[in-house]
Amino acid sequence: MAAPSPGPREVLAPSPEAGHRAATSSSGHRGLLWRLRDKQSRLGLFEIGPGHELHQLTCMMQAGLWAATQVSMDHPPTGFELGTLAGPAFARLRRSLGLAEEDYQAALGPGGPYLQFLSTSKSKASFFLSHDQRFFLKTLRRREVRALLAHLPRYVQHLQRHPHSLLARLLGVHSLRVARGKKKYFIIMQSVFYPTGRISERYDIKGCEVSRWVEPAPEGSPLVLVLKDLNFQGKTINLGPQRSWLLRQMELDTAFLRELNVLDYSLLMAFQRLHEDERGPGSSLIFRTARSTRGVQSLEEPEAQNRRLLPDAPNALHILDGPEQRYFLGLVDLATVYGLRKRLEHLWKTLRYPGRTFSTVSPTRYARRLCQWVEAHTE
């Protein structure tokens with residue numbers, strides 16, 4: 001089999017304070033790679049400071065989100081228009097997750113600059129993290145917003161039925177218009193890759209091969225990449241007794257997305273090696289506190305809900321501990337509907353990539369294929 005050609009990959013952006021240009025390697029890296037010194041930059045992030053092209057936008061987002069969460073303001077921000085879509089529904093969802101509004105406000109408000117996460121994927125979306133890296137912000141197209149809001153009641157219902165679902169936790173959708181410019185939409189969700197401190201590898205999995213290879217960073221490079229399906233060849237996820245839970249939850253979540261006629265979502269994965277005292281009989285699965293999401297209780301039995309014992313750790317809903325590794329897992333990008341545009345794209349790719357697997361397929365086939373990938377790569 002021929003070596004796969006490089007596809008979309010995550011790249012680091014230059015830090016205003018710590019960026020130094022590195023010579024591009026002879027292995028075919030495209031664009032500029034930056035050698036970064038500070039911790040945030042090594043994680044693929046940098047602060048959006050004055051002079052950055054997105055500084056005004058993110059300042060407006062912060063000010064608007066802060067204003068939207070206040071009961072009254074003596075001097076409300078001017079020069080832009082911020083809208084909150086389905087505000088009461090998302091407020092209830094945040095409460096059900098045990099997320100205090102003051103913590104949410106502090107992370108998204110003007111207490112510190114947002115961190116930008118750049119991607120060279122085909123999507124033209126902009127990606128940001130809150131300054132504490134707990135929350136992920138992504139700009140959306142208008143049609144994606146319409147799809148998300150149309151599916152929101154069923155999404156909330158699914159989380160009530162399956163409180164330990166792998167679906168990304170959506171926390172808010174907003175629109176922003178600066179002066180008389182074009183209206184922008186963005187979504188806020190919990191970051192799957194949190195806390196980031198000891199994460200060693202990151203993957204974005206779609207269960208196919210076309211454009212699913214990332215040229216690895218040179219050995220010793222501070223560059224941190226989010227790798228793809230073909231980079232994972234020959235590797236496995238060792239979950240031990242938790243494997244059966246994951247396979248069942250993947251079936252439940254992908255069946256739900258199939259019912260919504262959604263495709264092209266990703267399974268985000270990250271690895272973190274457990275310390276010696278975190279493994280074995282004294283591991284988090286036995287002695288750590290068992291927690292569950294709060295809110296409306298489902299009438300279904302725990303077995304039907306597919307609950308599990310959650311680790312006593314931040315972001316527990318996206319964390320699964322194996323015998324030696326901690327895994328961060330979550331399904332993201334839930335707003336692509338299999339409409340006429342995607343059906344035509346499927347026909348074109350069928351002709352363009354005969355005999356190869358690609359992401360634009362029917363929701364039924366997409367769900368089945370991703371579940372098969374997880375089953376084949378776990379033990």
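Let's start with helix H6, residues 243-259, which lies across S12, S13 and strand S14 (325-332). Relative to S14, helix H6 runs at about 10°. Keep in mind that this is a predicted model, so a word on confidence comes further down.

What sort of sheet is H6 lying on? The sheet is an open one of 5 strands, in the order S11-S10-S12-S14-S13, and the pairing is mixed. At its edges you'll find strand S11 (226-227) and strand S13 (319-321), each of which pairs on one side only. Further in, strand S10 (residues 201-205) and strand S12 (residues 266-273) pair in the antiparallel sense, with 5 bridges between them. If you want a spot to get your bearings, look at Asp 204, which stands opposite Leu 268 in S12.

Now back to H6 and its neighbour H5. The axes of these two helices come within 11 Å and cross at roughly 165°, which makes H5 roughly antiparallel to H6. The crossing is right-handed. On the H5 side, the contact is made by Arg 154, Tyr 155 and His 158, while H6 brings in Leu 252, Asp 253, Phe 256 and Glu 259. Sort those residues by character and you get 3 nonpolar, 1 polar and 3 charged.

Helix H5 (residues 142-161) also has helix H3 (residues 87-96) to deal with: their axes come within 11 Å and cross at roughly 20°. H3 and H5 are therefore roughly parallel to each other, and their crossing is left-handed. Which residues make this contact? From H3 come Ala 89, Phe 90 and Leu 93, and from H5 come Leu 149, Leu 152, Tyr 155 and Leu 159. This time the split is 7 nonpolar, no polar and no charged. Notice that Tyr 155 of H5 turns up here in the contact with H3 and also in the one with H6.

Finally, how far can you lean on the coordinates? The mean pLDDT of the protein is 78, and 71% of its residues reach 70 or more. Two stretches deserve some caution. Over residues 1-49 the pLDDT stays under 50, although the model has 112 contacts for them beyond four places in sequence. Residues 284-299 are also below 50, and that stretch has 43 contacts in the model beyond near neighbours in sequence. Where pLDDT is low, the predicted coordinates should not be read in detail.

Conventions: Residues numbered from 1 in each chain as written. Predicted model: local features only at pLDDT ≥ 70, side-chain atom pairs only at ≥ 80, totals over all residues. Heavy atoms only, no water. Axes fitted to C-alpha atoms, helices over the stretch in contact; angles between N-to-C directions. Helix = DSSP H or I, 4+ residues; strand = E, 2+ residues; numbered from the N terminus. Parallel < 35°, antiparallel > 145°, perpendicular 65-115°, else oblique. Left-handed = near helix turned anticlockwise from the far one by under 90°. Contact = heavy atoms within 4.5 Å. Nonpolar A, V, L, I, M, F, W, Y, C, P; charged D, E, K, R; others polar. Pairing = 2+ DSSP bridges. pLDDT = per-residue confidence, 0-100.
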